[in-house]
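Subject: The structure to look through

Hi there,

Here is the structure I promised to pass on to you. Please open it beside this email, and then read on for what turned up in it.

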Amino acid sequence: MVRAVQIAGGAFSDRQFRLFFIGIFCAVQAIWIQRVTLGWLAWERTGQASVVGLVAGLSLVPSLLTGPFFGVLVDRVNIKHAALVTNGSMAAWLAVLALSAGQVGAVGLAIAALGIGVISAAHHPVRMSLAPRLVAPEMVQHVVSVTALNFNLARLVAPVIAGWIIATAGGGVALWIAAACYLPMLSILPVLTPRALPPRPARPFFSDLLEGLRFAAARPLIRNALLITLALSVIVRGALELLPVLADGGYGRGAAGLGLLTAAAGGGALVAAVFKTLGVGHAGASISVSVWALAIVGQSAVVLMGVGPTWPMAMSSAALAGAASTWVGISLQAAIQTDLPDGYRGRVMSLWIVVGLGSVSLGAFAIGGLAQILGIGAALVCAGLAGLTMLALVAFRMRSTAKAPN
């Protein structure tokens, strides 16, 4: 408890971070509300698991394809102005989607998801670069933990709220509420003064891009963290994008069931985030044993989601998957961010976003397509087994590299 107070006090002792936290607290509610709403609308309008996977994937695939390019821009532009553009664009796009929610079909939802994905591809490196530049370098670890706790608290609460709103007022109202959640951040950003980037020589755009890639490739910690994150993102987080199919197609629980199942995953994630905020498992700029253990638990939970014959088993498995993916994600992000120079933060964290968020689209596409053929249960079992195989290959590569002569 004392450790929690010290960490929270360290992060919130800075007035700028306190203001930023108010804005981001509201904005992350929007992320989960719109994700649950889009997934439900795709299932409601089509009843096809492949369409749910397509919509989920299209909202993430732009980060996979364009994330590094936006990362270069983040290391070049005024970070505060960039945050105003990305937050404002997301609010406007959700408002347009809310206006047409009653008529939009599969094609319209796919276009909407792609638009959200493009804005998110720019927004994520902005968000992950802005917060550390609001505080002293020694407070970056605290900021990562506290903002992750906030994200996963929203993951627990917002889906339940979204499911209730959809069930009682419809998807359009849920989207309007998501758009409104960006307004506090838009009002707070003008008063923030993030730390300026260090002076750097003017270079062509692609030279900056290649420099960031070389910087990441030259550091074993970053390379290995990205590989582990890739395994978790494609399988575990990809499977969690298919919860609308599992909730209604597998168990017939409807929108309310989707909210509960997503909240179960969020509850597990919240528990993991709380422990990380308390400093449990903190290993500095290194990959701890707990990361490997929870990575295995997460892949196994996906298997259990597929074989579990009861609703309580599905809820418990989703909670385990949420906890494992969050523990691993926070641990690896904190390890990278702790010693990362501000001048490389946008480019390096954009690579983390590519594998941590963008590659989720690959899992959503693949598992959704497989579920259309085999059913959601068998698809999840196959995915979890594939994830365990991926982790074994990463561990073998790391061991072989460590034994190789210099």
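To start with something you can check by eye: at 34% relative accessibility, does Phe-69 count as buried, partly exposed or exposed? Phe-69 counts as partly exposed, because 34% falls between the cut-offs of 20% for buried and 50% for exposed. Please keep in mind throughout that this is a predicted model.

**Aromatic rings**

Searching the whole structure gives seven aromatic pairs. One of them joins Phe-17 and Phe-20, whose ring centres are 6.3 Å apart. Their planes meet at 35°, so this pair is tilted: the angle is neither under 30 degrees, as stacking needs, nor over 60, as edge-to-face needs. Both residues belong to helix 2 (residues 15-46), where three residues, about one turn of the helix, separate them. Phe-17 and Phe-20 are both buried.

Now back to Phe-69. Phe-69 makes an edge-to-face aromatic pair with Phe-206, with 6.2 Å from centre to centre and 80° between the planes. Here the pair links distant parts of the chain, since Phe-69 is in helix 4 (residues 61-74) and Phe-206 is in helix 10 (residues 205-217), 137 residues apart. Phe-206 counts as exposed, because its relative accessibility is 52%.

Rings can also join up into a group: ring pairs link Phe-17, Phe-20, Phe-21 and Phe-25 into a cluster.

**Arginines over rings**

Two more spots are worth finding on your screen. Arg-35 lies over the face of Trp-32, 4.7 Å from the ring centre. Arg-219 does so over the face of Phe-215, at 3.8 Å from the ring centre.

**Two helices side by side**

Two packed helices are described by the angle between their axes and by the distance between those axes. For helix 3 (residues 49-58) and helix 17 (residues 360-374), the angle is about 175° and the axes are 8 Å apart. Why do we call helix 3 and helix 17 roughly antiparallel? An angle over 145 degrees counts as roughly antiparallel, and about 175° is over that cut-off, so the two helices get this description.

Which residues of helix 3 and helix 17 meet? On the helix 3 side they are Ala-49, Ser-50, Gly-53, Leu-54, Ala-56, Gly-57 and Leu-58, and on the helix 17 side Ser-361, Ala-364, Phe-365, Gly-368, Ala-371 and Gln-372. Sorted by type, the residues of this contact are seven nonpolar, six polar and no charged.

**Sequence and space**

Last, here are three residues for comparing position along the chain with position in space.

- Pro-137 sits in the loop between helix 6 (106-130) and helix 7 (140-169). With 53% relative accessibility, Pro-137 counts as exposed. Its C-alpha atom is 8.5 Å from that of Asp-339, though their positions lie 202 residues apart along the chain.
- Leu-221 is part of helix 11 (residues 220-240), and at 22% relative accessibility Leu-221 counts as partly exposed. From Leu-221 to Leu-332 the C-alpha distance is 9.0 Å, and the two are 111 residues apart along the chain.
- Ala-378 belongs to helix 18 (residues 376-403) and counts as partly exposed, at 34% relative accessibility. Ala-378 and Arg-345 are 33 residues apart in sequence, and their C-alpha atoms are 40 Å apart in space.

Have fun exploring, and write back with any questions!

Best wishes

Methods: Residues numbered from 1 in each chain as written. Predicted model: local features only at pLDDT ≥ 70, side-chain atom pairs only at ≥ 80, totals over all residues. Heavy atoms only, no water. Phe/Tyr/Trp six-rings, centres within 6.5 Å; stacked < 30°, edge-to-face > 60°. Helix = DSSP H or I, 4+ residues; strand = E, 2+ residues; numbered from the N terminus. Buried < 20%, exposed > 50% of the residue type's maximum accessible area, 1.4 Å probe, protein only. Lys NZ or Arg CZ within 6 Å of the ring centre and 35° of its normal. Axes fitted to C-alpha atoms, helices over the stretch in contact; angles between N-to-C directions. Parallel < 35°, antiparallel > 145°, perpendicular 65-115°, else oblique. Contact = heavy atoms within 4.5 Å. Nonpolar A, V, L, I, M, F, W, Y, C, P; charged D, E, K, R; others polar.
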